[in-house]
Amino acid sequence: MSEERSLNFLEEIVEEDLRTGKHAGRVLTRFPPEPNGYLHIGHAKSICLNFGLALKYGGKTNLRFDDTNPVKEDIEYVDSIKEDVKWLGFEWANELYASDYFDKLYDFAVILIKKGLAYVDDSSAEEIAAQKGTPTEAGTANQFRSRSVAENLALFADMKAGKYPDGAKVLRAKVDLASPNMHLRDPLMYRIKHAHHHRTGDTWCLYPMYDFAHGQSDAIEQITHSICTLEFIPHRDLYNWFIEQLEIFPSKQYEFARLNLNYTVMSKRKLLQLVTEGHVEDWDDPRMPTISGLRRRGYTPASIRDFCDRIGVAKRENMIDVSLLEFCIREDLNKTAWRRMAVLDPIKMVITNYPEGETETMSGENNPEVEGGEGGRDIPFGRELWIEREDFMEEPPKKFFRLGVGLSVRLKSAYIVTCNSFVKDIEGNVTEIHCTYLPESKSGADTSELKVKGTIHWVSVAHAKTAEVRLYDRLFQVEDPSNEDNDFKEYLNPHSLQILSNAYIENDLATAIPGKGYQFIRKGYFTLDKHSTADKLVFNRTVTLKDSWKAPQPPKGGA
RNA sequence: UGCCCGAUAGUAUAAAGGUAGUACAACGGUUUUUGGUACCGUUUGUCUAGGUUCGAAUCCUGGUCGGGCAACCA
């Protein structure tokens, strides 16, 4: 670690606090998701930030579920969030819930009422909105604002006791109806909801709003650095106001710009829509930017952490290129994935001078990136092979280093072959390619002294297993679907999923390990899908290999 | 037309008044039994107008542009 990495603005704040002895050198952050949906790559940024910051400075991080709105939340989401955070490789110090603090929060509210800083308002939502004024006009007080402390206390107790229906009354903080910050115009603290909560059941019919739960929860846990996204900046004044009036632990809120990735959407609402309307299979569809989707797609925790590290942290709105995410997973998988051969779009090759009925065994290393290759496996070879349809051309252009009549290639880990002829069916489709091989060119024992430009992958017809291979492409056709004129779903990529049901794979792949990444040589990185079975192997393509080969452009028209 | 954030290559992110750097992308080359990897190289940038200063991406002022704020959501 000789390279001095520059600090992001949050690290600078923490280091400054450490330098000045604030909180006696203690660093405690929290990751506070609302359990109302699955985590996505944007949350991963926040997770890496919160856990990473604590890790770097010897602190800890709490996992806190911000579960103050029972109608949107569910235990299903709690479980998936815990799984995803763990999978990413982080350990929380405490598993906590805002709902654990409902009693304390209620007491806090009573304190504010007693100080004359909160009141029960009987107005409707519409009336309250109207009375808040506009950004350019001050709000106006109503008659409830001057209720006595005693009356407020009694009313608030009745609210808790369930004496009023939903929406009949709210508790509001008495701050400043003329504030230029709309959030300070007597914000709501509590609303009545006769709803079942996934943890507190039917104990409460009164639930705190975000602004009267989040900062208080931070203070209760003595969070030193409460990190959230930019849209909470206007809430900060209120966050501080409650803490000051309550005289509780002075947690501080800091804001960073959320992650935006191009060619996808990131809002829970939109992701939910994709699921419920059947545009994708589920939350963990490999095309989804969810953590579970990326996992099923074959992304590794390390690659996602690396990505979060590389995108940096700042306060400027951003739109990250997916190519960076793809770079991160390629870089990881290149070092760890075992190499195998798989023919996705097969065409038969017959080696006419290879003895009929004979087979032999070639050997291939598992990983050329590692010294020793991490061992190897046997690859059966024979007279008939499956090769990739696109590796043969009837009329090959210049610099096509693959097969065409008269052209030679190396069969990976095997022999050099030369194409002599091919067979077509009545419709003119090429159905078979005939080659001859050079016996003295065997891989590892090549005495032919022949150099060929191209090497192609293959699978023995007699030994191959079949598999279904799913190729994924970006979910949307435009960079920023949420920012287009029409509904975001109109920009879905109709070709985001391509299923190849007739792929041939090396027999060794029949025992592929779930969760492990494999490189199908020349084709990309793949991993077993969760629906794969011994009878029907299913592979997902995580990402393609970088491919710098471009077919020659046809001459431009317009003579 | 109130308040609050922000503005550095195509995309991100550094440079705390002193050489505008790094990564991804793009392009070119070397190596290669993966048109992969590795390695080398190239192109491209401080929103704008003033001011302060020996010196400004950085500090100040005005403007422009982008984003946020008036949910009984978080």
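A polar contact here is a pair of N or O atoms within 3.5 Å. With that in hand, a look at how the protein meets RNA strand B can start from single atoms. The model is a predicted one, and every distance below comes from its coordinates. In it, a polar side-chain atom of N69 sits 3.2 Å from a sugar or linking oxygen of RNA strand B. T455 does something along those lines, with a polar side-chain atom 3.5 Å from a sugar or linking oxygen of the strand. A125 takes part through its backbone: one of its polar backbone atoms is 3.4 Å from a base nitrogen of RNA strand B.

Stepping back from these contacts, 66 residues surround RNA strand B, and the closest of them are R316, M319, S443, Q519 and R522. On the RNA side, sugar or phosphate accounts for 64% of the strand's atoms within 4 Å of the protein, with bases making up the rest. On the protein side, the surface near the strand is a mix of 25 nonpolar, 20 polar and 21 charged residues. As for secondary structure, α5 (125–131), β6 (188–192), α11 (301–311) and α12 (322–336) each put at least two residues into this surface. Helix α12 gives the most, with four residues.

Aromatic rings come next. The count is 24 aromatic pairs. One of these is F520 with F539: the ring centres are 5.3 Å apart and the planes meet at 65°, so the pair is edge-to-face, the cut-off for that label being over 60 degrees. The two rings come from distant parts of the chain, with F520 in strand β23 (residues 518–520) and F539 in strand β25 (residues 538–543), 19 residues apart. F520 is buried, since its relative accessible area is 0% and anything under 20% counts as buried. F539 is buried too, at 0% relative accessibility. Elsewhere, ring pairs tie F102, Y106, F156, Y190, W204, Y207, F212, W241 and F242 into a cluster.

Some rings also have a charge sitting over them. The charged end of K270 is placed over the ring of F488, 5.7 Å from the ring centre. R474 lies over the face of Y263, 3.8 Å from the centre of that ring. Y263 itself has a phi near 65°, a positive value in a residue other than glycine. Y263 belongs to the loop between β9 and α9 (268–276), and with a relative accessible area of 18% this tyrosine is buried.

E247 also has a positive phi, about 55°, although it is not a glycine. Its place is the loop between α8 (236–246) and β9 (252–256). In contrast to the buried Y263, E247 is exposed, with a relative accessible area of 67%.

Back in strand β25, N540 is worth a look. This asparagine is buried, at 0% relative accessible area, and its side chain makes a polar contact of 2.6 Å with the side chain of D529. Beyond its neighbours within four places in sequence, N540 is in contact with P286, R296, R297, R470, Y472, Y525, F526, T527 and D529. K348, on the other hand, is 24 Å away from N540, C-alpha to C-alpha, and 192 residues apart in sequence.

R470, one of the residues N540 is in contact with, is found in strand β21 (residues 465–472). R470 is buried, with a relative accessible area of 12%, and a 2.8 Å polar contact joins its side chain to that of E468. Leaving aside neighbours within four places in sequence, the contacts of R470 are E281, R296, L497, Q498, I499, D529, V538, F539, N540 and R541. That list brings in F539, which also pairs with F520, and D529, whose side chain makes the polar contact with N540.

One more arginine rounds things off. R172 lies in strand β5 (residues 170–173) and counts as buried, at 2% relative accessibility. The side chain of R172 reaches the backbone oxygen of D186 at 2.9 Å.

How values were computed:
Residues are numbered from 1 along each chain as its sequence is written. Chains are lettered from A and ligands numbered from 1 in the order in which they are written. This is a predicted model: local features need pLDDT of at least 70, side-chain atom pairs count only at pLDDT 80 or more; totals for chains, interfaces and linings use all residues. Side-chain values use heavy atoms; hydrogens and water are left out. A residue is near a molecule or strand if one of its heavy atoms lies within 4 Å of it. A polar contact is a pair of N or O atoms within 3.5 Å; within protein, one must be able to donate a hydrogen and the other to accept it, and residues adjacent in sequence count only if both atoms are side-chain atoms. Ala, Val, Leu, Ile, Met, Phe, Trp, Tyr, Cys and Pro count as nonpolar, Asp, Glu, Lys and Arg as charged, and the others, Gly among them, as polar. Rings of Phe, Tyr and Trp (its six-membered ring) pair if their centres lie within 6.5 Å; planes under 30 degrees apart count as stacked, over 60 as edge-to-face and the rest as tilted. Buried means under 20% relative accessible area, exposed over 50%, partly exposed in between (1.4 Å probe, protein chains only). A charge sits over a ring if NZ of Lys or CZ of Arg is within 6 Å of the ring centre and within 35 degrees of the ring normal. Contact means heavy atoms within 4.5 Å.
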